[in-house]
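Student: I'm new to this structure and would like a close look at one part of it. Could you take me through how one chain meets another, and then follow that into the pieces around it?

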Protein chains: 4
Amino acid sequence: MIPRYSRPEMAEIWSAASRYRIWFEVEAHACDALATLGTIPKAAAATVWEKGSPLLEGWSDSDTAKVEAIEAETRHDVIAFLTYLAETVGEPARFVHQGMTSSDLLDTTLAVQLDRAAELLLADLDRLLAALKARAEEHKNTLCIGRSHGIHAEPTTFGLKLAGHYAAFSRCRVRLQAARAEVATCAISGAVGTFANIDPAVEAHVADKLGLLPEPVSTQVIPRDRHAAFFATLGVIAACVENLATEVRHLQRTEVREAEEYFAPGQKGSSAMPHKRNPVLTENLTGLARMVRAYVTPALENVALWHERDISHSSVERMIGPDATVTLDFALNRLAGVIEKLLVYPEAMQANLDSLGGLVHSQRVLLALTQAGISREDAYRLVQRNAMKVWEQGADFLSELKADPEVPLEAAALEACFDLGYHSKRVDEIFRRVFA
Amino acid sequence: MIPRYSRPEMAEIWSAASRYRIWFEVEAHACDALATLGTIPKAAAATVWEKGSPLLEGWSDSDTAKVEAIEAETRHDVIAFLTYLAETVGEPARFVHQGMTSSDLLDTTLAVQLDRAAELLLADLDRLLAALKARAEEHKNTLCIGRSHGIHAEPTTFGLKLAGHYAAFSRCRVRLQAARAEVATCAISGAVGTFANIDPAVEAHVADKLGLLPEPVSTQVIPRDRHAAFFATLGVIAACVENLATEVRHLQRTEVREAEEYFAPGQKGSSAMPHKRNPVLTENLTGLARMVRAYVTPALENVALWHERDISHSSVERMIGPDATVTLDFALNRLAGVIEKLLVYPEAMQANLDSLGGLVHSQRVLLALTQAGISREDAYRLVQRNAMKVWEQGADFLSELKADPEVPLEAAALEACFDLGYHSKRVDEIFRRVFA
Amino acid sequence: MIPRYSRPEMAEIWSAASRYRIWFEVEAHACDALATLGTIPKAAAATVWEKGSPLLEGWSDSDTAKVEAIEAETRHDVIAFLTYLAETVGEPARFVHQGMTSSDLLDTTLAVQLDRAAELLLADLDRLLAALKARAEEHKNTLCIGRSHGIHAEPTTFGLKLAGHYAAFSRCRVRLQAARAEVATCAISGAVGTFANIDPAVEAHVADKLGLLPEPVSTQVIPRDRHAAFFATLGVIAACVENLATEVRHLQRTEVREAEEYFAPGQKGSSAMPHKRNPVLTENLTGLARMVRAYVTPALENVALWHERDISHSSVERMIGPDATVTLDFALNRLAGVIEKLLVYPEAMQANLDSLGGLVHSQRVLLALTQAGISREDAYRLVQRNAMKVWEQGADFLSELKADPEVPLEAAALEACFDLGYHSKRVDEIFRRVFA
Amino acid sequence: MIPRYSRPEMAEIWSAASRYRIWFEVEAHACDALATLGTIPKAAAATVWEKGSPLLEGWSDSDTAKVEAIEAETRHDVIAFLTYLAETVGEPARFVHQGMTSSDLLDTTLAVQLDRAAELLLADLDRLLAALKARAEEHKNTLCIGRSHGIHAEPTTFGLKLAGHYAAFSRCRVRLQAARAEVATCAISGAVGTFANIDPAVEAHVADKLGLLPEPVSTQVIPRDRHAAFFATLGVIAACVENLATEVRHLQRTEVREAEEYFAPGQKGSSAMPHKRNPVLTENLTGLARMVRAYVTPALENVALWHERDISHSSVERMIGPDATVTLDFALNRLAGVIEKLLVYPEAMQANLDSLGGLVHSQRVLLALTQAGISREDAYRLVQRNAMKVWEQGADFLSELKADPEVPLEAAALEACFDLGYHSKRVDEIFRRVFA
């Protein structure tokens with residue numbers, strides 16, 4: 001996570017002030033529940049809120065610095081915070097954190113942060129989906145060549161290309177909702193998860209207040225397979241980002257140039273070559289996708305903790321928690337912007353469609369030949385023989401076929417195979433499948 | 001995937017015979033649909049089944065070799081198969097594969113294979129879940145020390161440990177069902193997914209026959225984010241395998257020895273040291289988990305194909321398709337066996353519980369002190385001071401506390417803090433949350 | 001590792017017969033050293049060679065099956081082999097493996113296998129380097145457009161492109177030699193590496209006979225950072241394979257078509273579209289590169305073994321040992337073949353060079369303007385202004401510049417900026433740097 | 001890279017001020033070379049240094065902000081910097097960056113940063129190696145049990161354990177030197193690496209001034225296999241960090257407790273359990289190692305750029321450049337501190353050695369039996385039979401052996417097998433191999 005690739009909304013979730021504020025809320029809600037249970041005085045719980053809330057509302061960098069100074073001595077971040085909080089809350093502070101262990105606080109807080117991050121990412125996906133849908137509708141029938149292996153195959157439409165990406169990101173949305181539910185759990189179960197020193201009602205109350213579900217069984221920690229599934233999902237989304245980014249990069253190639261990233265007035269493509277207009281945003285997205293994917297492996301390695309927990313996962317999460325969510329949030333927004341403003345060149349698409357002398361109709365000819373009673377193998381040989389003349393000598397495919405004495409089709413039948421509209425006749429139907 | 005770590009049921013899914021048989025079924029079902037549409041003669045479709053079925057039923061290695069010989073010339077696996085099939089089916093063979101592209105066949109076949117693999121993996125999970133549940137019930141109240149950071153923390157029960165893993169693998173089951181649904185789609189949409197040369201009714205029919213859903217929008221291929229999500233899920237399950245395997249390895253350490261893998265009569269632990277009984281199965285599982293996790297990254301890299309497809313994903317899938325599913329299937333079964341036969345030593349657990357001179361009760365003492373009106377900071381200092389004497393001089397914790405003039409608790413109050421049963425009082429409740 | 005992507009020479013290194021043969025050699029050489037030390041009778045060592053060699057020379061699948069049957073009972077592969085060997089060697093067999101531990105045998109054998117694999121890979125690199133050098137020399141001055149971001153930048157030569165890849169693979173050769181030296185060590189140091197039960201002279205003798213160096217300090221095993229460095233190096237080489245494969249794929253795109261993979265007579269590009277000629281070999285290499293890279297992470301995870309060793313690394317190495325070396329060996333040979341037979345189209349390169357109406361000379365104009373006294377910012381603005389007319393309206397760059405009243409250069413000075421030869425004038429010098 | 005896991009020396013290398021300063025130096029040295037060649041006026045080069053140096057020396061956050069403001073318009077970082085520099089340098093600024101492309105600047109700067117980072121990392125390794133050597137010498141003959149599979153195997157010494165890690169980090173040092181040499185190259189070769197617009201003498205001069213070697217052949221960029229090899233090497237080092245950290249974590253387990261991380265006065269191990277002393281530093285190192293390893297994959301993915309370059313690698317490097325080096329630097333220093341201050345408990349080591357009733361001598365008994373003429377298989381059976389009694393019934397191994405009528409050894413011969421000193425007799429020799 002670096003400022004260059006961060007949006008403030010997401011970065012804020014991971015700020016020290018946010019973290020401490022959630023810590024406070026967990027502790028204060030827990031106090032309420034403990035007071036209801038009669039474990040601590042109701043007045044104490046009230047005082048915690050009353051004196052603590054203003055502190056956390058007005059939390060500043062100097063507060064953070066003071067907590068860190070305490071941590072430098074205690075070498076324990078939670079104890080440092082509780083000590084600092086006690087200075088403001090006063091005597092009732094001794095009732096805070098009763099029967100809890102640090103991980104109750106840390107893991108529940110991480111759940112809140114990941115839950116909020118997922119909410120932003122879902123909004124990002126919505127923006128991207130809206131852009132893809134709008135542009136897909138716009139270019140539903142904009143014919144262009146479909147390519148497999150980078151080689152012209154058969155015609156498709158630009159809208160259909162975008163519809164495919166829309167479908168992929170729709171699946172990502174479903175996956176992210178599932179992944180969000182995975183991590184949105186609250187554990188306040190004590191030192192090794194037995195609730196020996198704390199009533200499960202506390203967990204239930206805090207979970208309810210924070211919009212989480214109670215973790216059915218925790219050790220000292222919330223089990224890390226939940227987080228692994230979450231970060232793996234971000235990795236899959238990032239892979240979809242790369243997929244669409246790669247499409248744009250290809251379309252903007254000088255030789256293809258069917259679409260281009262928007263090029264702002266004042267923008268400079270190259271310090272040395274003033275003529276350049278480069279797909280730098282989608283190239284950038286390709287790199288960012290690599291990073292989000294890279295965080296999947298350490299998240300998977302984090303699952304196998306020793307016995308009821310070791311703390312090896314913690315440093316990983318301090319890094320990939322912000323790194324993965326901030327980077328993906330930035331990437332999704334950048335990608336949405338690219339799609340929203342993408343310059344599309346239908347004339348160039350048509351020119352490319354025309355460039356192969358009709359070769360893109362080879363399958364229709366093949367099918368027409370087999371329909372006419374020729375074996376598949378012979379039909380293939382006939383079509384390939386004439387296609388290679390186009391490929392190697394720049395011949396016109398239709399003329400070659402007409403001139404081939406072994407080809408048993410009439411001119412009109414051959415010409416009928418060269419109708420571009422034939423290829424877009426199912427687009428409406430596919431769109432209904434995708435956007436319904 | 002190597003024989004050493006394979007079970008025949010799963011390996012069979014990936015055999016050449018299985019693959020060709022599914023290929024045939026896809027083509028033959030497609031012929032039925034084409035015949036219904038009137039595109040090809042009904043008799044042709046019937047002949048395909050009639051002559052093709054016996055060939056595929058009796059498929060042998062020599063058939064495979066013959067297909068491969070044709071492929072050596074055509075350099076195209078699907079064309080090779082169709083050519084070989086035509087030898088048996090005869091003239092009606094020219095109606096086979098009408099309007100389809102190779103990927104229609106290959107991708108739908110992969111979907112069938114992954115769907116079947118998922119079915120086996122779900123059965124594996126069920127076996128493991130049953131074992132975990134049975135052993136958890138058996139040791140629901142078997143007290144043992146809970147450890148964080150490898151250090152004794154507070155008591156828990158062995159059943160609770162297993163319940164945690166049960167919950168994790170239950171989540172894995174849900175994840176795998178979702179991942180299975182992701183990949184169980186059928187695409188028969190032609191060269192670039194436009195259905196230009198094939199009616200969507202063919203796709204619908206084949207999908208229905210094979211237990212798949214039609215892919216809403218395909219390019220030349222089924223989009224690879226589906227497969228990425230599938231393999232990522234296997235990676236998460238593998239991480240959970242490692243987690244449980246690591247627990248067993250720790251429990252079997254010479255100094256801990258609270259549980260052991262079953263050691264068969266005749267088994268030899270070491271070629272040099274006849275006294276050894278090593279947790280080799282769970283160590284092996286740790287390694288296998290690394291492999292299943294390793295396949296996640298190439299699956300993620302496979303998503304970004306060029307335009308309507310390139311074939312870079314294919315070699316990856318030829319390897320990780322079998323490698324990931326066969327390895328995980330083997331691992332889950334090995335793990336289930338380990339749990340089913342695990343030797344558990346409650347006396348050793350009790351001995352370890354007793355070994356720290358009562359230190360594991362430090363939190364209860366801390367809480368009792370704060371309840372008695374001492375500030376949290378002072379209470380912590382008092383407890384830590386006496387705990388360190390136990391740690392460093394082997395003193396008895398309870399005696400030290402009684403002898404400390406600053407500790408304001410009566411002997412009886414202190415002794416009440418040393419009750420082990422206190423720690424298992426919520427086990428029933430947690431079990432209900434997990435196993436309900 | 002699957003047969004489809006295997007070459008027999010490399011696969012043979014990992015066969016059961018090869019492994020058992022190396023096991024035998026390690027044991028028999030160790031016997032010689034033990035006999036020299038007087039630890040065992042010289043006659044015993046002689047008998048081991050005399051009776052064992054024919055067994056191993058004529059090793060068949062049935063021998064393997066018999067060893068595996070013993071292993072099924074003992075659950076220990078080394079003990080199974082030694083038991084089987086003893087049947088042939090007879091009574092002197094009891095002197096075999098004296099003071100050794102299984103890992104002495106297994107790790108030294110793996111070292112021999114990786115050493116041999118590295119030797120093949122070095123030969124593969126040599127073939128590829130020779131191909132790259134020959135084709136680079138052939139096209140040293142074949143002008144083509146250089147592209148950054150997929151956009152035409154400035155002219156370069158096709159030979160220079162290949163020279164860059166030659167340099168990369170030359171570096172790979174150096175890296176592989178270093179990585180080979182890393183893993184080519186022999187450890188025969190006993191149960192925990194203390195040589196308590198075996199004289200270091202045995203290790204020295206076996207190492208010498210097998211072309212290895214003694215491991216300075218082993219635990220029970222050769223430390224796995226050596227293997228991690230080895231597999232990481234294979235990953236870097238695979239990345240270079242992908243880089244060159246990606247270049248070929250781009251050059252073969254329909255719209256670019258400056259080069260093509262050789263297309264064999266009889267080859268079929270597509271089952272549906274007979275006109276297709278696809279870069280399937282380099283796409284395949286892209287996928288294979290993903291796999292070789294994927295093995296790096298488990299190799300890195302293998303380093304942290306518990307205490308003097310655990311066996312978690314073993315299953316990983318049984319898989320990635322063959323998988324990584326066989327796949328990379330196959331890939332390097334496939335890539336060498338692609339380069340050797342690559343179809344290169346200089347006319348297409350020239351056509352692409354000409355396609356941008358002279359825009360590729362924009363930097364030269366920029367430099368000429370600054371040399372003429374214009375500030376860099378103004379010069380950039382002038383050039384970009386005229387370049388955008390070419391880009392957007394298809395204008396001719398030189399004519400636009402001549403017509404721009406703010407451009408202070410004479411026509412001749414402008415025309416001099418449009419000399420293609422200018423861009424290849426340093427090629428000889430660069431070639432000397434690379435191929436010297 | 002987060003402040004919590006950063007050391008200022010390393011973080012400073014990646015600061016904006018450092019980067020801009022290196023940028024300036026590259027440009028200013030290039031001006032010198034251009035002036036020497038007569039391409040630009042010598043006075044211009046002198047002015048660049050004269051006016052630019054003070055600016056860069058006194059670079060502040062407000063300078064950075066101003067450059068970023070320009071970048072916000074131009075969307076090009078290098079152009080933004082050059083524009084800002086021009087404000088200070090004045091008219092001669094138009095001679096800056098002549099014939100260069102942005103990557104000449106960026107890639108050479110990255111080389112300088114990685115070179116400096118490597119220098120710090122080498123110093124870190126030296127500190128760690130010194131600590132390991134000192135502690136290894138100190139405990140050269142401190143006997144402790146060696147463990148394979150977590151199970152007691154045979155005695156070793158604590159010094160020997162450390163010597164093994166010393167050897168591993170010595171190899172890391174060699175690897176890092178090689179990796180540093182890989183990335184320490186300078187490319188100033190223009191838009192596509194042809195030197196069309198810039199004399200190679202400029203590159204040679206700048207390389208010399210910055211302590212780099214000229215890149216033999218660049219495209220627009222320095223080839224990324226160099227960086228991949230560099231980051232892969234950091235990953236291998238991180239794996240070695242995890243290996244040693246894991247050893248410490250195991251030794252500190254409550255049941256083992258042969259060594260402990262230093263526990264500072266005032267430190268708190270747990271907010272809930274005042275008795276805890278946890279190996280949090282080495283657990284933290286385990287997590288940090290996961291992160292450094294995670295950066296290897298994106299670095300490998302960065303190698304395959306499109307044609308003469310695309311910019312996908314850039315965002316990756318902006319993140320992993322600092323992340324990998326800062327994290328590893330922090331980890332190596334933390335690890336060195338752990339080793340320097342590690343609390344070692346030889347009495348606990350001896351107690352653990354004694355705990356298995358002599359079982360650790362099983363191999364010596366096995367060897368003595370075979371020396372006495374018993375077949376290996378029978379000897380193994382005899383030893384295992386008696387060992388299992390110890391294992392299962394807590395018997396004394398020596399007594400059992402003496403009482404076994406089938407064991408043909410005299411009491412004295414058996415007792416001689418139980419000499420601990422026997423196991424450390426080669427330690428001096430191994431130390432010479434490692435530390436010589």
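Tutor: Sure, let's begin at the place where chain D touches chain B: 34 residues of chain D are in contact with 35 residues of chain B. Keep in mind that this is a predicted model.

Which parts of chain D supply that side? The elements giving two or more residues to it are strand 2 (151-157), helix 9 (225-252), helix 10 (280-294), helix 14 (362-371) and helix 15 (376-393) of chain D. Helix 15 of chain D makes the largest contribution, with 5 residues. Sorted by class, the side of chain D that touches chain B has 15 nonpolar, 12 polar and 7 charged residues.

Now, how are these two chains placed relative to each other? Turn chain B's partner by 180°, with 0.0 Å of shift along the axis, and chain D superposes on chain B with an RMSD of 0.1 Å. That is how a two-fold axis relates two copies. If you want to find the axis from chain D, look for Glu255(D): its C-alpha is the nearest one in that chain, 2.8 Å from the axis. The copies meet through the same surface, because 100% of the interface residues of chain D are also interface residues in chain B.

Chain D has a similar story to tell with chain C. A turn of 180° and a shift of 0.0 Å along the axis lay chain C on chain D, with an RMSD of 0.1 Å. Here the C-alpha of chain C nearest the axis belongs to Ala232(C), 3.1 Å from it. Both copies use the same surface here too, as 99% of the contact residues of chain C recur in chain D.

Let's go back to the stretch that follows helix 9, where there's a nice backbone detail. Arg257(D) sits in the loop between helix 9 and strand 5 (259-260) of chain D. Its phi is positive, about 45°, although Arg257(D) is not a glycine. That's worth a second look, because most residues other than glycine have a negative phi. Is Arg257(D) buried or exposed? Arg257(D) is buried, since 20 other C-beta atoms lie within 10 Å, and 20 is the number where buried begins. Over in chain B, Arg257(B) is likewise placed in the loop between helix 9 (225-252) and strand 5 (259-260). Phi of Arg257(B) is near 45°, again a positive value in a residue other than glycine, and Arg257(B) is buried with 20 other C-beta atoms within 10 Å.

Helix 9 is also good to see from inside a chain, so switch to chain A. There, the axes of helix 7 (residues 158-183) and helix 9 (residues 225-252) come within 9 Å and cross at roughly 165°. The two helices of chain A are therefore roughly antiparallel to each other, and the crossing is left-handed. Among the residues that meet are Phe169(A), Cys172(A) and Leu176(A) from helix 7 of chain A, and Phe230(A), Val236(A) and Ile237(A) from helix 9 of chain A. By class, this contact has 12 nonpolar, 4 polar and 5 charged residues.

For another helix pair, return to chain D and find helix 6 (residues 102-138) and helix 12 (residues 312-341), which pack at an angle of about 15° with their axes 8 Å apart. That angle makes helix 6 of chain D roughly parallel to helix 12 of chain D. This crossing is left-handed. Leu121(D), Leu125(D) and Leu128(D) are among the residues helix 6 of chain D brings to the contact, and those from helix 12 of chain D include Leu328(D), Leu332(D) and Ile339(D). The contact has 13 nonpolar, 4 polar and 6 charged residues.

Last stop: helix 14, this time in chain A. Helix 14 (residues 362-371) of chain A is mostly covered, with 9 of its 10 residues buried. Val365(A), Leu366(A) and Leu367(A) are among the buried ones, and so are Gln363(A) and Arg364(A). What does the covering? It includes strand 2 (151-157), helix 15 (376-393), helix 16 (397-403) and helix 17 (411-416) of chain A. Just after helix 14 of chain A comes Gly373(A), with a positive phi of about 100°.

Technical notes: Residues numbered from 1 in each chain as written. Chains lettered and ligands numbered in written order. Predicted model: local features only at pLDDT ≥ 70, side-chain atom pairs only at ≥ 80, totals over all residues. Least-squares fit on C-alpha atoms with pLDDT ≥ 70 in both. Contact = placed C-beta atoms within 7 Å. Helix = DSSP H or I, 4+ residues; strand = E, 2+ residues; numbered from the N terminus. Nonpolar A, V, L, I, M, F, W, Y, C, P; charged D, E, K, R; others polar. Axes fitted to C-alpha atoms, helices over the stretch in contact; angles between N-to-C directions. Parallel < 35°, antiparallel > 145°, perpendicular 65-115°, else oblique. Left-handed = near helix turned anticlockwise from the far one by under 90°. Buried ≥ 20, exposed ≤ 12 C-beta atoms within 10 Å, placed from the backbone.
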